[in-house]
Amino acid sequence: MEVVNLKFNISLFFLSLFLSLFLIVGFVSAANWYVDRDAPVGGNGQSWSTAWKKFSDIQWTQIQPGDIVYISGGYSQKVYGDEFYQTPPKPRNYTFRISAQGTPDNFIIVTKGADPGHNGDVIFDAGNLSIGAAILFNSAKYVIVENFTIRNYGSGFFFKSGTKRGIDSVIIRNNKIFDSRGTGIFFDGWSQSCNNGSCDYDTINNVLISNNIISSYNYTPSQTDLIYGQMFQNLTIEKNVLIQKNVWDNGICDHSSNSTPHADAIQTFTSKDLTVRYNIIDYRLLRPCSNTFMLSNNIGFIDIYGNIILSYVPGMTNKGRQSIIEKISSNDPVYNGSNYMRIYNNIFISDAYNALGIKNIDGEYEVKNNIFYSLIEGANGLDRSIVFLVNPPNNISNINGNLYWGVGGFNVPQFYWISWGSRPRTWEQVQSLGAELNGVSADPLFVNIYNDNYALLPSSPAIDAGLDLGLDYRLALNGVLRPQGSGWDIGAFEYVSGVQCAPADNDCNGCVSLSEISSFVARWLNGEISLSVVSGAVSLWLNGGC
């Protein structure tokens with residue numbers, strides 16, 4: 001699927017305290033600084049005519065809280081990427097190092113130019129080198145980086161810190177990372193203090209990844225994660241489109257070992273506090289031993305809610321770990337806080353191994369209000385389980401209020417507990433164990449699953465059938481607050497009575513965005529829809545776009 005077919009324009013009603021800090025920032029006595037690769041040598045960065053020529057020319061000690069650093073994009077676009085500096089051992093080399101030091105009230109912004117002649121696209125392109133990082137952080141606080149396009153690098157953004165709070169409060173938003181050959185965004189907070197199972201988790205703190213598009217290269221003979229993190233604290237990943245395209249397959253897949261190279265959407269290891277919400281994760285690839293999530297040895301909380309997760313291959317089944325694998329455990333003898341995991345109001349579309357795998361939970365957990373939709377016919381043991389538990393925790397009743405459906409009449413959730421050595425359970429058996437007492441076993445009736453429209457039809461059994469999960473989780477993916485009827489809906493969307501899903505309104509939020517109409521036009525060019533249909537959608541967009 002093309003990127004534009006997945007880019008939903010999600011309303012920005014939800015403003016966490018973390019994000020709101022940045023939207024109310026006052027830039028008192030702020031200065032502007034300028035970088036232009038075509039500027040003369042020797043500039044002081046104070047105007048376009050005296051811009052810094054190289055990223056290494058930037059004098060970060062002169063840049064004060066509230067300042068803005070503009071990178072020239074020329075009239076239409078300007079490409080950067082022939083500038084590399086060494087940082088052994090990782091990421092080995094980089095193009096642009098950001099060492100800005102803002103304050104909580106005055107963030108430093110690094111963005112593309114705003115003036116005519118400089119407001120074109122800023123593109124970081126490593127070309128055939130395909131190595132290193134485009135943008136490196138190793139000492140940055142209270143910084144916003146936005147509006148860049150990055151392609152053909154090992155990593156788009158690389159966070160490297162081994163010192164306490166070396167990186168703190170950074171926002172990465174509205175960027176495009178294409179054809180990443182390694183990891184789209186890499187967090188490496190490992191430090192010498194991490195030994196004997198006890199670690200400092202605050203070397204990289206409070207990072208927000210929002211409204212970005214991240215995709216991998218389509219053939220890389222190694223592990224390629226879209227987002228990978230180790231030793232961070234409080235990472236939020238929201239409203240992004242994540243597309244894993246790596247189809248390399250060495251024919252080896254050992255489910256009992258994590259050493260096999262795998263291409264994950266999001267992988268974390270030995271980290272604390274993670275939120276993943278309102279993302280579109282497209283994982284429709286032909287590679288085994290891969291996961292949408294692979295989360296290991298995390299402590300604190302894991303919140304995963306309001307996402308659409310596509311982890312199937314059309315026409316293929318049982319290709320390995322293409323769907324969700326979720327692990328959380330704590331072996332840190334110093335950390336005394338509580339651990340919990342909440343998986344709420346997501347949509348999982350899968351065909352293989354399982355839609356949701358939970359292993360070795362140490363702490364509280366809840367799996368509620370999700371739609372699990374399996375694109376396989378029938379169930380056959382482990383490789384056909386929808387929900388898969390290893391060493392299941394207590395309180396199995398915390399798996400509740402979810403909806404399950406499989407094509408071809410397979411309409412019951414299949415649980416498989418390895419520790420019990422049992423076959424998948426029937427719906428009656430699952431409920432007799434105390435799970436899914438409020439669950440639903442029925443077709444969710446999406447508007448059009450085959451055109452990636454996962455909003456609910458008016459007759460959907462998911463409408464008003466969910467559990468009330470509290471104020472923190474009320475926002476639905478289509479930008480409305482729950483409930484809109486007598487109860488919460490199951491899944492990522494909340495049905496609004498009387499609102500029709502117009503042509504091209506993929507997220508059914510009542511308006512058509514530029515990205516949605518672009519997707520619709522692309523389908524017309526491919527011969528998928530008629531001219532009259534696309535003309536009506538364009539007219540709707542012109543008269544009521546959002």
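Two residues are said to be in contact when heavy atoms of theirs lie within 4.5 Å. In this predicted model, that criterion serves to introduce one residue, asparagine 279. Leaving aside neighbours within four places in sequence, asparagine 279 is in contact with Ile237, Glu238, Lys239, Asn240, Gly306, Asn307 and Ile308. Asparagine 279 sits in the loop between strand 21 (272-277) and strand 22 (280-282). The residue counts as buried because its relative accessibility is 0%, and the cut-off for that class is under 20%. The side chain of asparagine 279 also takes part in polar contacts. One reaches the backbone oxygen of isoleucine 237 at 2.9 Å, and a polar atom of the same side chain lies 2.8 Å from the backbone nitrogen of asparagine 240.

From this loop the view may be widened to the whole protein chain. Its secondary structure comprises four helices and 38 strands. Of the 546 residues in the chain, 59% are buried. The chain exposes about 20800 Å², of which carbon and sulfur atoms supply 50%. Among contacts between residues at least 6 apart in sequence, 76% join residues at least 24 apart.

The strands may be considered next. In general, strands of a sheet pair through backbone hydrogen bonds, in either a parallel or an antiparallel sense. One open sheet here consists of twelve strands in the order 1-2-6-9-12-15-18-21-24-27-30-33, with parallel pairing. Its edges are strand 1 (32-35) and strand 33 (399-400), each of which pairs on one side only. Strand 1 runs parallel to strand 2 (residues 68-71), and four bridges join them; tyrosine 34 stands opposite tyrosine 70 in strand 2.

Another open sheet of twelve strands, likewise with parallel pairing, follows the order 3-7-10-13-16-19-22-25-28-31-34-36. Here strand 3 (77-80) and strand 36 (440-441) are the edge strands, each pairing on one side only. Within this order, strand 7 (residues 121-125) pairs with strand 10 in the parallel sense over four bridges, and phenylalanine 124 has isoleucine 150 in strand 10 as its bridge partner. Strand 10 (residues 148-151) is in turn joined by three bridges to strand 13 (residues 176-180), again in parallel. In that pairing, threonine 149 stands opposite lysine 176, and arginine 151 faces phenylalanine 178.

Phenylalanine 124 leads on to the aromatic residues. The structure holds 25 aromatic pairs. In one of them, phenylalanine 96 and phenylalanine 124 are stacked, with 6.3 Å from centre to centre and 10 degrees between the planes. This pair links distant parts of the chain, since phenylalanine 96 belongs to strand 5 (residues 92-98) and phenylalanine 124 to strand 7, 28 residues apart. Phenylalanine 96 is buried, with a relative accessible area of 0%, and phenylalanine 124 is buried with a value of 0%.

Tyrosine 344 and tyrosine 473 supply another pair: their ring centres are 4.8 Å apart and their planes stand at 80 degrees, so the pair is edge-to-face. Tyrosine 344 is in strand 27 (residues 340-344), whereas tyrosine 473 lies in the loop between strand 38 (453-456) and helix 3 (514-525), 129 residues apart. Both tyrosines are buried.

Phe96 and Phe124 also belong to one aromatic cluster, together with Phe55, Trp60, Tyr80 and Phe148. Over the face of tyrosine 80 lies arginine 37, at 5.9 Å from the ring centre. Elsewhere, arginine 342 lies over the face of tyrosine 340, at 4.1 Å from the ring centre.

Key. Residues are numbered from 1 along each chain as its sequence is written. This is a predicted model: local features need pLDDT of at least 70, side-chain atom pairs count only at pLDDT 80 or more; totals for chains, interfaces and linings use all residues. Side-chain values use heavy atoms; hydrogens and water are left out. Two strands pair if DSSP finds at least two bridges between them. Helices (H or I, at least four residues) and strands (E, at least two) are DSSP runs, numbered from the N terminus. Buried means under 20% relative accessible area, exposed over 50%, partly exposed in between (1.4 Å probe, protein chains only). A polar contact is a pair of N or O atoms within 3.5 Å; within protein, one must be able to donate a hydrogen and the other to accept it, and residues adjacent in sequence count only if both atoms are side-chain atoms. Accessible areas come from the Shrake-Rupley method with a 1.4 Å probe; for residues, only the protein chains shown count as cover. Rings of Phe, Tyr and Trp (its six-membered ring) pair if their centres lie within 6.5 Å; planes under 30 degrees apart count as stacked, over 60 as edge-to-face and the rest as tilted. A charge sits over a ring if NZ of Lys or CZ of Arg is within 6 Å of the ring centre and within 35 degrees of the ring normal.
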